[in-house]
There are 2 protein chains.
Amino acid sequence: MSKGFLLVISGPSGCGKGTICKELLKRNKELVFSVSATTRKPRKGEKEGVNYFFIDNKKFEDMVKNNQFIEYAKVHTNYYGTPKKFVLDQIDEGNIVILEIDVQGALQVKKAYPEAVFIFLLPPSMDELKNRITGRGTESKEDIDIRYENAFKELKFIHEYDYFVINDDIIKALEEIESIIIAEKAKVKRHKTIIEKIIP
Amino acid sequence: MSKGFLLVISGPSGCGKGTICKELLKRNKELVFSVSATTRKPRKGEKEGVNYFFIDNKKFEDMVKNNQFIEYAKVHTNYYGTPKKFVLDQIDEGNIVILEIDVQGALQVKKAYPEAVFIFLLPPSMDELKNRITGRGTESKEDIDIRYENAFKELKFIHEYDYFVINDDIIKALEEIESIIIAEKAKVKRHKTIIEKIIP
């Protein structure tokens, strides 16, 4: 029996990690999406345990106190966190858990759970990154500038990661991540009983 | 500029490493085969610098003294060795060098050059391994028994390797090794200047 692992897909705002993770899960049915816990109210169509675990402030703060998150953050007035138990249970069952997260979150994960596999997703160029951030059309000029500045600063944390993938052509980026998954599955250290596979 | 690496493809007698390496080099023109030095005479059709570097005993022993081999062994009356300079020059130029070698040799490489990437090739079963060793039809019953015993003992060294690949279906095994190559190329540690790729 081999153990699974946590695959952290991360990168600055505008690198395309959301789309990459969605496609990755669509193409690889054996991957498990890491479901976050949040204190914000469910939006229309969001399902408990699928999109999020919806919990109240009291419960969230108790879980923080009891060290039950791999990482968490407060965004505006709401908490978001990655419950440790969900991830570790899946890994014990041999599953590969995908965690889509920003750079600050990934650095927290690295401290709490360094055994995870960390992929830094890069935009093809900083100009393209600016286009992508601007292209959303949902943010003010000031917000865009802040996002761009942050993205720029976050690049230097790439050396904390195991792998980097440039998200220029999405299919190429997906295939590269899928190769990383195949390679990680073939690591000797994940299998205590390889020899037993071939000896009767 | 990114550095290449040495990919060691190894495993017990009968695991199919010769065929795998030949196909791997055929399918991936950017891979470089590690050419061994030997003191044995060239066979018909063998080319200097392609199949082997053919050198005399004196030269070989000098190279051993001067620590110019990553590994070497004496088989019957002939020496075989992997010249360090050839491999390191290729890696500096950004190339991926394939070294096909038995388990004892791979363990020597691991000591001399632990930065290499080590793949242990496994037969689908020990019965199949015995079939493959027997099937060559070139060896006595005694030789076959010795090879099989050695193969069995060598399995326990799998934990010195980074990856394992089961050579059941050759195409599947090749694709798995190709995924490992893609993943290793995407490792952050191999690139000192990733960020420069995307910043003008």
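The points below comment on a predicted model of two chains, A and B.

1. Symmetry. A turn of 180° with a shift of 0.0 Å along the axis lays chain A on chain B, with an RMSD of 0.0 Å. That is the relation of a two-fold axis. The same surface serves both copies, since 100% of the contact residues of chain A recur in chain B. Among the residues of chain A, Ser179(A) comes closest to the rotation axis, its C-alpha lying at 2.2 Å.

2. Interface. In the contact between the chains, 26 residues of chain A meet 26 residues of chain B. On the side of chain A, the elements that give two or more residues are β8 (117-122), β9 (163-166), α7 (170-185) and α8 (194-198). The most comes from α7(A), with five residues. By class, this side of chain A has 20 nonpolar, three polar and three charged residues.

3. Overall form of chain A. Chain A has eight helices and nine strands. The C-alpha trace of chain A spans about 65 × 40 × 30 Å along its principal axes. A compact globule of 200 residues would have a radius of gyration near 16 Å, and the 18 Å of chain A agrees with that. Of the 200 residues of chain A, 33% count as buried. Among contacts in chain A with a separation of 6 or more, 70% are between residues 24 or more positions apart.

4. The five-stranded sheet. In chain B, five strands form an open sheet in the order β2-β7-β1-β8-β9, and the pairing is parallel. The edges are β2 (31-33) and β9 (163-166) of chain B; each has a single partner strand, so one side of each is left without a neighbour in the sheet. On average, neighbouring strands of this sheet are turned by 30° against each other, direction ignored. Helix α7 (residues 170-185) of chain B packs on the sheet, where it touches β1, β7, β8 and β9 of chain B, and its direction makes about 160° with that of β9(B).

5. Pairing within that sheet. Strands of a sheet pair through backbone hydrogen bonds, either parallel or antiparallel. Strand β1(B) is joined to β7 (residues 96-101) of chain B by six bridges, the two running parallel, and to β8 (residues 117-122) of chain B by four bridges, again parallel. Phe5(B) has Ile96(B) as its bridge partner in β7(B), while Val8(B) stands opposite Phe118(B) in β8(B). Three bridges join β2(B) to β7(B), also parallel. In this pair Leu31(B) stands opposite Ile96(B). Ile96(B) therefore appears in both pairings of β7(B), facing Phe5(B) and Leu31(B).

6. Burial of β1(B). Six of the six residues of strand β1 (residues 5-10) of chain B are buried, so this strand is largely enclosed by the rest of the structure. In a regular strand the side chains alternate between the two faces of the sheet. In β1(B), Phe5(B), Leu7(B) and Ile9(B) point one way, and Leu6(B), Val8(B) and Ser10(B) the other way; all are buried.

7. The four-stranded sheet. Another open sheet in chain B has four strands in the order β4-β3-β6-β5, with mixed pairing. Here β4 (52-54) and β5 (69-75) of chain B stand at the edges; each has a single partner strand, so one side of each is left without a neighbour in the sheet. Neighbouring strands of this sheet are turned by 25° against each other on average, direction ignored. Strand β3 (residues 36-38) of chain B is joined by two bridges to β6 (residues 78-83) of chain B, and the pair runs antiparallel. The bridge partner of Ala37(B) in β6(B) is Gly81(B). Helix α2 (residues 57-65) of chain B lies across β3, β5 and β6 of chain B, at about 135° to β5(B).

8. Ile55(B). This residue lies in the loop between β4 and α2 of chain B. Ile55(B) counts as partly exposed because it has 18 C-beta neighbours inside 10 Å, where 20 or more would make a residue buried. Not counting residues up to four places away in sequence, Ile55(B) touches Ala37(B), Thr39(B) and Phe60(B). Ile55(B) and Thr39(B) are 16 residues apart in sequence, but their C-alpha atoms are 5.2 Å apart in space.

Notes. Residues are numbered from 1 along each chain as its sequence is written. Chains are lettered from A and ligands numbered from 1 in the order in which they are written. This is a predicted model: local features need pLDDT of at least 70, side-chain atom pairs count only at pLDDT 80 or more; totals for chains, interfaces and linings use all residues. Copies are superposed by least squares on the C-alpha atoms of residues with pLDDT of at least 70 in both. Two residues are in contact if their C-beta atoms, placed from the backbone, lie within 7 Å. Ala, Val, Leu, Ile, Met, Phe, Trp, Tyr, Cys and Pro count as nonpolar, Asp, Glu, Lys and Arg as charged, and the others, Gly among them, as polar. The radius of gyration is taken over C-alpha atoms; the globule rule is 2.2 Å times the number of residues to the power 0.38. A residue is buried if 20 or more other C-beta atoms lie within 10 Å of its own, exposed if 12 or fewer, and partly exposed in between; C-beta atoms are placed from the backbone. Two strands pair if DSSP finds at least two bridges between them. Axes are lines fitted to C-alpha atoms, for helices over the stretch in contact, and angles run from 0 to 180 degrees between N-to-C directions.
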